[in-house]
Amino acid sequence: RANIAKARLALQKFSDLHAQHNQDFIRAMQGNSLGAFDRNSQLSASLLNSRMNSSDEFVNLEGQVLDEVEAAVVELQRSRGLWEARGGQLVFTYAPAMFAYRKHLDAMQRYSAQQNALHDEAVRNALDHAGQMVHPRI
């Protein structure tokens, strides 16, 4: 559990650092020499907003993964004696204990898939915004 607490602390530091980078970007955009947003700065602001939302969602999903890791560890502790480590795998001797543990693993995989989809969407958005800056739509 100490490692889970360390992971939660690292996640909070990541979230704080990311928020600081976003605030720095906003300040830079507000202080541009034009005194107002031009088309590229508007697109940059739109990209930043998208990035901030996806970052918040990513951090939230990562927190849910940590919750499931902790719950899986608790489940293993609770069902001690109903499973054993064999050949690098957990072998359960009681099916309900296996299903309870498996529920947490399945949730972790779902959250991970959502994070991957979020990352892919963020990359697509960034490329789309970059393309609009280079080749504005008319």
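Which residue forms a salt bridge with R8, the closest N and O atoms being 3.2 Å apart? I will come to the answer in a moment, but let me say at the outset that what we have in front of us is a predicted model, and that the values I quote are computed from it.

The residue is E70, and this pair links distant parts of the chain, since R8 lies in helix α1 and E70 in helix α2, with their positions 62 residues apart in sequence. R8 has a second partner as well, for its side chain also meets that of D67 in a salt bridge, at 2.8 Å from N to O. That pair likewise joins distant parts of the chain, with R8 in helix α1, which covers residues 2-30, and D67 in helix α2, 59 residues apart. Taken together, R8, D67 and E70 are linked in a network of salt bridges. As for how open these residues are, R8 counts as partly exposed at 30% relative accessibility, D67 is partly exposed at 40%, and E70 is partly exposed at 27%.

Let me now step back to the chain as a whole. It holds three helices and two strands, and from the N terminus on the elements run α-α-β-β-α. Of its 138 residues, 24% count as buried, while the accessible surface comes to about 9,400 Å², of which 56% belongs to carbon and sulfur atoms. If we take the contacts between residues at least 6 apart in sequence, 66% of them join residues at least 24 apart.

Next, the interior. In soluble globular proteins, nonpolar side chains tend to be buried together. Here the largest nonpolar core has 11 residues in all, among them L61, V65, F92, Y101 and M108. The elements that give two or more residues to this core are α2, spanning 39-78, and α3, spanning 95-134, and the largest share, six residues, comes from α3. To take one member of the core, V65 is in contact with M108, Y111 and Q115, once its neighbours within four places in sequence are left aside.

Finally, I return to charged pairs, of which the chain has five that count as salt bridges. One that I have not yet mentioned joins the side chains of D106 and R102, at 3.1 Å from N to O. Because these two residues are four apart in helix α3, they are separated by about one helical turn. D106 is partly exposed, at 30% relative accessibility, and R102 is partly exposed too, with a relative accessible area of 36%.

Terms used
Residues numbered from 1 in each chain as written. Predicted model: local features only at pLDDT ≥ 70, side-chain atom pairs only at ≥ 80, totals over all residues. Heavy atoms only, no water. Core = buried A, V, L, I, M, F, W, Y, C linked by side-chain atoms within 4.5 Å. Buried < 20%, exposed > 50% of the residue type's maximum accessible area, 1.4 Å probe, protein only. Contact = heavy atoms within 4.5 Å. Areas by Shrake-Rupley, 256 points an atom, 1.4 Å probe, with all protein chains shown as cover. Salt bridge = Lys/Arg side-chain N within 4 Å of Asp/Glu carboxyl O.
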